[in-house]
Amino acid sequence: MTKILIAAVLAMVVGILVVNSFETNEPQSESSSKPIAKSSVVDSSILHKEVAAERVPNYSQRKPELSELPPTLSPDLFTGNPKLAYQAAKEIPQTLAQLPCYCHCDMSSGHKSLHSCFVTEHGEGCGICINEALMAYGLEKRHGLSPAEIRKRVIAAYGKAQK
């Protein structure tokens with residue numbers, strides 16, 4: 001019952017945020033996609049899927065100083081892939097701060113970037129956060145890509161509507 005109530009409240013909040021986002025012309029980030037047309041009937045679940053597919057979540061457009069970023073949780077608190085993701089966040093926090101998180105926690109939790117997911121336990125249970133962090137780590141450490149190049153790859157991988 002609690003999960004249903006939380007889901008209903010979250011759907012309402014997302015619906016309100018979506019409707020309010022149509023009233024501004026300010027983009028969410030430098031890579032924001034085309035706006036979605038207004039509808040006279042608002043079905044928040046459909047709109048959330050459309051917005052999630054079309055918009056690029058929040059991220060830092062510049063390399064933040066380490067002192068500007070809150071520390072991530074210790075990888076030693078976790079096991080398996082979550083541990084690897086928290087280790088990646090510890091090693092490349094400035095890169096993760098320049099990446100959007102496609103679980104759209106910027107809308108639900110106020111996160112500023114993928115880095116935010118690993119400041120709390122949020123990243124532990126979210127496959128999208130974990131996979132994005134591990135992807136970013138591999139692209140930076142093994143392939144030498146810049147944060148901007150990694151961001152393009154993340155957007156290409158996660159930014160398209162899932163069918």
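Helices here are DSSP runs of H or I with at least four residues, and strands are runs of E with at least two, numbered from the N terminus. With that in hand, let's walk through this predicted model. By that reckoning the protein chain has seven helices and zero strands, so its pattern along the sequence reads α-α-α-α-α-α-α.

A few overall figures help set the scene. The chain has 163 residues, and 38% of them are buried. Its accessible surface comes to about 9,800 Å², and carbon and sulfur atoms contribute 56% of that area. The contacts also tell us how the chain folds back on itself: among those with a separation of 6 or more, 68% join residues 24 or more positions apart.

Now turn to two helices towards the end of the numbering, α6 and α7. Helix α6 covers residues 127-141 and helix α7 covers residues 147-158. The two pack with their axes 10 Å apart, at an angle of about 140°. Angles over 145 degrees would count as roughly antiparallel, and 65 to 115 as roughly perpendicular; because the angle between this pair falls in neither range, α6 is oblique to α7. The crossing of α6 past α7 is right-handed.

Which residues make up this contact between α6 and α7? From α6 come Ile128, Asn131, Glu132, Met135, Ala136, Leu139 and Glu140, and on the α7 side they meet Ile150, Arg153, Val154, Ala157 and Tyr158. Sorted by character, the residues of this contact are eight nonpolar, one polar and three charged.

Two members of that contact turn up again if you look from helix α4, which spans residues 93-97 and holds Thr95. Setting aside neighbours within four places in sequence, Thr95 touches Glu140, Pro147 and Ile150. Of these, Glu140 is one of the α6 residues in the contact with α7, and Ile150 is one of the α7 residues. Is Thr95 buried or exposed? Its relative accessibility is 6%, and residues under 20% count as buried, so Thr95 is buried.

A last stop is Ser116, which sits in the loop between α5 (105-108) and α6. Although Ser116 belongs to a loop, its relative accessibility is 14%, so this residue is counted as buried too. Ser116 also offers a nice example of sequence and space telling separate stories: Thr72 is 44 residues away along the chain, while the C-alpha atoms of Ser116 and Thr72 are 8.0 Å apart.

Technical notes. Residues numbered from 1 in each chain as written. Predicted model: local features only at pLDDT ≥ 70, side-chain atom pairs only at ≥ 80, totals over all residues. Heavy atoms only, no water. Axes fitted to C-alpha atoms, helices over the stretch in contact; angles between N-to-C directions. Parallel < 35°, antiparallel > 145°, perpendicular 65-115°, else oblique. Left-handed = near helix turned anticlockwise from the far one by under 90°. Contact = heavy atoms within 4.5 Å. Nonpolar A, V, L, I, M, F, W, Y, C, P; charged D, E, K, R; others polar. Buried < 20%, exposed > 50% of the residue type's maximum accessible area, 1.4 Å probe, protein only. Areas by Shrake-Rupley, 256 points an atom, 1.4 Å probe, with all protein chains shown as cover.
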